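Open the model in your viewer and keep the sequence panel in sight. Each stop below gives a selection and what to look for there.

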Amino acid sequence: MPRIEVPAGEGPEVTRALSLVPHFVDAVNALEKAVWASPLPRRTHELVRMRIAEINGCVLCMTWRNDWADEASLAAVSQYATSDLFSDAERAALEYAEQFATDSKHIDDDLLDRLGAHFSPAQITDLTLVLGKYLAMGRFMQVLDLDQACTISYDADGKLVTTEP
């Protein structure tokens, strides 16, 4: 149950909460589209999304799935440093995601050098903006308890569907 009053109606609570601040709707939607259009490798994108979701404690974000990464890898993202499920590039991206979300002030040149061994400057910039979106929106949903007790999927027509437990 949301921690703020959201308008009644169909659709996810986060969408209904955003309707309270229409001046943000276009910006949030544009950022969402830009993130989904990211040219990062899809598997890397999904792995870092899941790591941010775990750090945020966003139930919706942790339960949402696409087909970009397998379940075993998603379940192991917090053990990226020791798991053999990840490439060196994925480990560097996951470490960056974790530090970005927990201690960004102390991201050092060594980590950026390790990222640079696998990703171009444009990809690192893209990754950083993708992480920022997931961190911000995940915390927005978690803090206000928006959609934390449901799952979101798409039906056969591509319509967003929420399912309460």
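Select R51 first and show its surroundings. Beyond its neighbours within four places in sequence, R51 is in contact with V77, S78, L94 and E98. This is a predicted model. R51 belongs to helix α3. Its relative accessibility is 11%, so R51 counts as buried, the cut-off being under 20%.

Now turn on polar contacts for the R51 side chain. One goes to the side chain of E54, at 2.7 Å. Another reaches the side chain of E98, at 2.8 Å.

Next, select L131. Which residues is L131 in contact with, leaving aside its neighbours within four places in sequence? They are V48, I52, Y96, A97 and F100.

Widen the selection to the largest nonpolar core. It holds 41 residues, and L127 and L131 have the most contacts inside it. Colour by helix: α1 (13-18), α2 (22-36), α3 (42-56), α4 (59-63), α6 (88-103), α7 (109-116) and α8 (121-143) each contribute at least two residues to this core. In soluble globular proteins, nonpolar side chains tend to be buried together.

Move on to the loop between α8 and β1 (151-154), where D145 sits. D147 lies in the loop between α8 and β1 too. Check the backbone at each. D145 has a phi near 55°, a positive value in a non-glycine residue. For D147, phi is near 60°, again positive and again not in a glycine.

Last stop: are these two aspartates buried or exposed? D145 is partly exposed, at 24% relative accessible area. D147 is buried, at 2%.

Methods. Residues are numbered from 1 along each chain as its sequence is written. This is a predicted model: local features need pLDDT of at least 70, side-chain atom pairs count only at pLDDT 80 or more; totals for chains, interfaces and linings use all residues. Side-chain values use heavy atoms; hydrogens and water are left out. A nonpolar core is a set of buried Ala, Val, Leu, Ile, Met, Phe, Trp, Tyr and Cys residues joined through side-chain atoms within 4.5 Å. Buried means under 20% relative accessible area, exposed over 50%, partly exposed in between (1.4 Å probe, protein chains only). Helices (H or I, at least four residues) and strands (E, at least two) are DSSP runs, numbered from the N terminus. Contact means heavy atoms within 4.5 Å. A polar contact is a pair of N or O atoms within 3.5 Å; within protein, one must be able to donate a hydrogen and the other to accept it, and residues adjacent in sequence count only if both atoms are side-chain atoms.
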